[in-house]
Amino acid sequence: MITKIVSKNFEIPNSHTMEVALENGRYSSLKSLFEKEPQEIIETIKQSGLRGKGGGGALAGNKWQIVNDWDGTKYVVVNADESEPGTFKDRRILSLDPHLLIEGIIATCYAVSSNISYIYVRGEYEEFSDVLQAAIDEAYEKNFLGNGAKYKVDITIHRGAGAYICGEKSALLESLEGNRGHPRLKPHSPEPEFYFGEPTLVNNVETIASVPFIVQNGADAYRAYGTEKSPGTLLFAISGNINKPGVYEAEFGVSMLDYIEKIGGGVKNGKKLKAVIPGGASTPVLPAGLLKDAKLDYESLKSIGSALGTGGMIILDEDASMVKALKNLLRFYHHESCGQCTPCREGTSWSDKILDRFLAKKATKEDLNILRSVSKTMNGKTICVFAPAASGVIDGFLEHFEAEFLECIV
Amino acid sequence: MSFSYTQENTIKVASLLNKYPQKKALVLPLLWMAQKQDSFISEDAISHISEFLNLEYMHIYSVATFYTMFKLQKPQKKLIEVCRTLSCELNGSEDIKSYLDNNYGDDYEIIEVECMGACSGAPMCTVDGKYHENLTPKSLDEVLK
């Protein structure tokens, strides 16, 4: 069930060093890259159906085209602010195969005619970011980067400082410009992101790391994996009450229950599966009963009321308290709201506080009504999707596990 | 008490200036450098950065207070951060936090933080920024002794 494209070199000793990377195929896609015109590369990415792997799942090729077509100095920004609870895949790429990311950045910059790339790494990942920096230094020495390279690309690591919201691409760019990480208003028609007013592409680490395979082997080779609408693979991750937590790459479209059993080794301590939060904390919880036919792709999880998100599954066993789990997540949202929009700043705070009353089993019927109403107020009335995600989390728990909340009402 | 970067950091600042299209982009890197140098970000450091970048003091201050990893008070003890988010909580982070409070509270500042991206190694903490995963009381003793 495990299919290794991006994670192919993860288990090779010293895979992060240039020597081992070169022995194992890194930078070999550059030959195919420079034989083609930039627009041909963009077409290949479009045909491959590569989707953004940071949670949104937008078609990467379309984003590249928009940036390419916009006049100005182009920037390529790699989002390594991985902070979604249950998600820890990009960290593997940064520390186990940084040269794959660098190779992908070179291809991406070439395709959209950019010479400058920033990798925004969450502040907590300092030790992994150090590995990446050493790899970048090696790539300069070997003339894969910088003035001596066949196509000039400069890469700078920019360190975040502890703000979940900077994973939102426009907040990330605000942070990269030296501001608070406040998300920007979204445009009405398609346009690129902007860094200091110039057209900018923001892609997740894993998205960029998927590019060399496609450049080297072609769109059809990538489409040979996964489903029609979700082609390729994803570094799915599994954690919580599970026997073998970890990051295991698989094709899109595999059965979720098979993944949990065969790759994750099943629920810990022989317990029964109660629920799965399928793609990071921001995706609505799914009770075990709904998972019989669930597949790990965008379409399947959407059809049962949740989302694929980052593919980071959190497993909850039969003993897990859903009231406690929701409290945990709402505390997270309360802590991480950037405070810019009132419905979010107040809504995440109040819903967190209301959950304290449920936890203490001292809630009232009114508390439940207020929680539902706060959730409604947070949905669709803010600048970014942080508050709507919190709202979806609340609604998911109340829809599937209302009985546990009713038990906490005096 | 005035603030200035060490000679080594001054060289770093000069090279950073070449890497960004506008000086303003240096706010976070300069705050990080000040914190690495002094273990926290002093008012003098904020003034220094504000003058160097030609930005309002209040802008630098507002950025410094937005990000949780920036410390505006001088730390008295070494820092332990215990992850408390769902995968860690399901794997016993609350017990780890109590164990640390009861046994190491005098020597370390122990705080809870949100998801550190180490869910497969739950429960986890950092000591002085370094990750320690799959914690047990025994493994903590080995790290902290």
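Let's start in helix α4 of chain A, residues 60–69, where A:Ala60, A:Gly61, A:Lys63, A:Trp64, A:Gln65 and A:Val67 are buried. The cover over those residues includes α3 (38–48), α6 (98–112), β5 and α9 (205–217), again from chain A. Keep in mind as we go that this is a predicted model. The predictor gives the complex an ipTM of 0.97 and a pTM of 0.97. For chain B, the average pLDDT is 97, with 99% of the residues scoring at least 70.

From that helix, move over to the strands of chain A. A good place to stop is β2(A), residues 116–121, which is mostly covered, with six of its six residues buried. In a regular strand the side chains alternate between the two faces of the sheet. So what happens on each face of β2(A)? On one side sit A:Ile116, A:Tyr118 and A:Tyr120, on the other A:Ser117, A:Ile119 and A:Val121, and they are all buried, so both faces are covered.

Now for the neighbours of β2(A). Strand β1 of chain A, residues 75–80, runs parallel to β2(A) and is joined to it by six bridges. If you want a register mark for that pairing, take A:Val76, whose bridge partner in β2(A) is A:Ser117. β2(A) also pairs with β3(A), residues 154–159, in the parallel sense and over six bridges. Two positions help you line these strands up: A:Ile116 stands opposite A:Asp154 in β3(A), and A:Tyr118 stands opposite A:Thr156 in β3(A). To get from β2(A) to β3(A), the chain crosses through helix α7 of chain A, residues 126–141, and this β-α-β crossover is right-handed.

Follow the chain a little further and you come to α8(A). Is this helix mostly covered or mostly open? Mostly covered: eight of its eight residues are buried. They are A:Lys169, A:Ser170, A:Ala171, A:Leu172, A:Leu173, A:Glu174, A:Ser175 and A:Leu176, a list with lysine and glutamate in it as well as leucines. What covers them includes β1, β2, β3, β4 (193–195) and β5 (198–204) of chain A, together with α2 (27–38) of chain B. So the cover draws on both chains here, by the contacts counted within 7 Å. After α8(A) comes A:Gly178, with a positive phi near 95°.

There's another sheet to look at in chain A. Five strands make up an open sheet, ordered β7-β6-β10-β8-β9, with mixed pairing. Its edges are β7 and β9 (286–287), each of which pairs on one side only. Inside the sheet, β8(A), residues 273–277, and β10(A) run antiparallel and are joined by four bridges. For the register, A:Leu273 stands opposite A:Asp317 in β10(A).

Since α2 of chain B has already turned up as part of the cover on α8(A), let's go to the interface itself. The contact takes 44 residues from chain A and 32 residues from chain B. On the side of chain A that touches chain B, at least two residues each come from α7, β3, α8 (169–176), β6 (233–240), β7 (246–251), β10 (312–317) and α13 (322–336). Which element gives the largest share of that side? That's α13(A), with six residues. By class, this side of chain A has 18 nonpolar, 17 polar and nine charged residues.

That leaves chain B. This chain has seven helices and four strands, and from the N terminus on the elements run α-α-α-α-β-α-α-β-β-β-α. Chain B is more spread out than a compact globule, because its radius of gyration is 18 Å, well over the 15 Å that the globule rule gives for 145 residues. Taken along the principal axes, its C-alpha atoms fill a box of roughly 50 × 30 × 25 Å. Of the 145 residues of chain B, 34% count as buried. As for contacts within the chain, take those between residues at least 6 apart in sequence: 59% of them join residues at least 24 apart.

Key. Residues numbered from 1 in each chain as written. Chains lettered and ligands numbered in written order. Predicted model: local features only at pLDDT ≥ 70, side-chain atom pairs only at ≥ 80, totals over all residues. pLDDT = per-residue confidence, 0-100. Buried ≥ 20, exposed ≤ 12 C-beta atoms within 10 Å, placed from the backbone. Pairing = 2+ DSSP bridges. Right-handed = clockwise from strand over helix to strand, strands pointing away. Contact = placed C-beta atoms within 7 Å. Nonpolar A, V, L, I, M, F, W, Y, C, P; charged D, E, K, R; others polar. Rg over C-alpha atoms; globule rule 2.2 N^0.38 Å.
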